Amino acid sequence: MMADISFNAVMNRKNEIMKKALGMDYSIYESGGIAFDYEKMMRDTGFGLSDVMKIQRETGVGNTPLLELKNLTELVRRISPKGKGARIFVKDEACNPSGSFKDRRASVSVYIAKKLGYKGVVAATSGNYGAAVASQAAMRNLDCIIVQECYDSRKIGQPEILEKQRKCECLGAEVVQLTVGPELFYTFLRILEDTGYFNASLYSTFGIAGVETLGYEIAMQCREMIGRDPDVVVATHAGGGNLTGTARGLIKAGAVNTKVIGASVDLKGLHMASDTAFNRKSFTTGHTGFGVPYATDPDHSDVPRSAARALRYMEDYLLVKQGEVFYITEALSQLEGMERGPAGNTSLTAAFALAQQLNEDKIIVVQETEYTGAGKHPLAQLSFAKKNGVEVKFGNPDEEIPGTNIILPEHPSLIKVRHADLGKMKKSYIKNAVKRANVSLISDKDIEFLMQDVKEDRKFVLSALNELGFNI
Amino acid sequence: MSDAKKGDWVQIHEIVLKPEERTGKLPEDTKKVPLELWVKGFLNHDANLNDMVEITTLTGRIVKGELVSVNPRYEYGFGEEYVPEILKIGRQLRGILKGGDNK
């Protein structure tokens, strides 16, 4: 009998399809309330850090160089008050086989898919993750399908996403491209059901376990190069996995005093599911359009419980502007001789701003770079922006309006620290968690869980719950 | 003669959801347009452009849709025109490092 493939029928089979496609049952971690056993879920991958490293060595992932950006640090010192200007280091993740840290995230999932006997893997992604899954699948002889949100209704594709299509296809993957809209999930489910392939979700425990090696390597390399742990690690934040995995890896290395700070491109005002706004943004990831909803509602991802829980680990959340990231991308090329993709330099831009406030003896590590090239180079992106009616000019980045203009800083000293309202985001997270669990009573276990998931004390959580009408 | 032969590498187009079938929290502009899909594969029979065709994708899936392109090329690059603003950045930063204007 043919299965009913109508939208509603497929969405109703969501849990069943996911269970088959993930090879694991998430229900065993549930408490029945808001809380779930996050650490048990993470432990149940069955892999320790050294196992993950071994899996990654098999496919050439990880062990990327940590480089000191001496000229960029010198530039910071020239524009900062005397004594200020922290040393900036970067983890050159572009050296991974497919050109970004996403290889770490794909490596464990693809390994598991192979081990469990799946014939192929599927991932829903418009970014570097697709190339990473395609590359890992190629190495492990698995079929691969990448589902992208790529075009607007005129069939105009984001150059960066078109490049990812090419790269995935050149690595042997099949690429399914869609116009803008969250119903991509329906197509994704249909493909999972049709093929019986593994869901190489960005948000599975395997994906996050794969990133832990990144944090671990940073701690080890810092100890070797400068004799101590870094003061700050800046991670670009979108879905939360990059930051979560890196922070967990740092903790596993014992670098418990290192602050983990998130950074996103500020795309305030642009609706992520808007057909007309789609091609008016120059960043397809690493922006607030993912960063805020995924931090405040992590469990709306493509798995029942996301392993990426950024608010658990994030000590600060910095916002940068599109024009600033293009500017710093050019600075990295011109001053350090490193041509790297713009989106991966979101965290570098935040580090450049932060370094101006910190003393010269402080160490900031930017935990990624990504490859660049046709489609995902500032020239391609800025040219595309102009063609889509976005004004490109020099000025004060504070005046940038996403979708209307891109303001390249008139001077590097205009790249300043801007904090997102993390307290507000944490409250929003608690509100979403309560809504998702659909409970009228909140247990002590739930409170403990919320404290951990937003990295706050009991008082904060109780006050947030009181605002929601729970009198505890 | 047909535009494409059986076995040719082609791209097809399919409407997944018509505007009235779309769901979820969508902005007004997106509600008005269909959810469309493109995928590539080997053509299962001779056909002309705009015909409804059947293909076999790289993973062996059989998919039906409208034939839109044969041997589709990659159409992006480094932009249609050079962006001269980029030139200013490197010159300014190198100037600062060499001890020129720093404020």
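This text walks through the predicted model of chain A, from its overall build to a set of parallel strands.

Chain A holds 18 helices and 12 strands. Its radius of gyration is 21 Å, and the globule rule gives 23 Å for 472 residues, so chain A is as compact as a globular protein of that length. The C-alpha trace spans about 70 × 50 × 45 Å along its principal axes. Burial is assigned to 59% of the 472 residues. Contacts reach far along the chain. Among those with a separation of 6 or more, 76% link residues 24 or more positions apart.

Now turn to strand 4, residues 143–151 of chain A. This strand is mostly covered, with 9 of its 9 residues buried. Strand 4 pairs with strand 3 and with strand 5.

Take strand 3 first. Strand 3 covers residues 120–124 and runs parallel to strand 4, with 5 bridges between them. Within this pairing, Val122(A) lies opposite Ile145(A) of strand 4. Helix 7, residues 128–139, belongs with these two strands: strand 3, helix 7 and strand 4 form a right-handed β-α-β unit.

Strand 5 comes next. Strand 5 spans residues 174–179 and pairs with strand 4 in the parallel sense, over 6 bridges. Here Glu149(A) has Leu178(A) of strand 5 as its bridge partner. From strand 4 the chain passes through helix 8, residues 159–170, to reach strand 5, and this β-α-β crossover is right-handed.

Strand 4 thus takes part in both units: one with strand 3 and helix 7, the other with helix 8 and strand 5.

Key:
Residues numbered from 1 in each chain as written. Chains lettered and ligands numbered in written order. Predicted model: local features only at pLDDT ≥ 70, side-chain atom pairs only at ≥ 80, totals over all residues. Helix = DSSP H or I, 4+ residues; strand = E, 2+ residues; numbered from the N terminus. Rg over C-alpha atoms; globule rule 2.2 N^0.38 Å. Buried ≥ 20, exposed ≤ 12 C-beta atoms within 10 Å, placed from the backbone. Contact = placed C-beta atoms within 7 Å. Pairing = 2+ DSSP bridges. Right-handed = clockwise from strand over helix to strand, strands pointing away.
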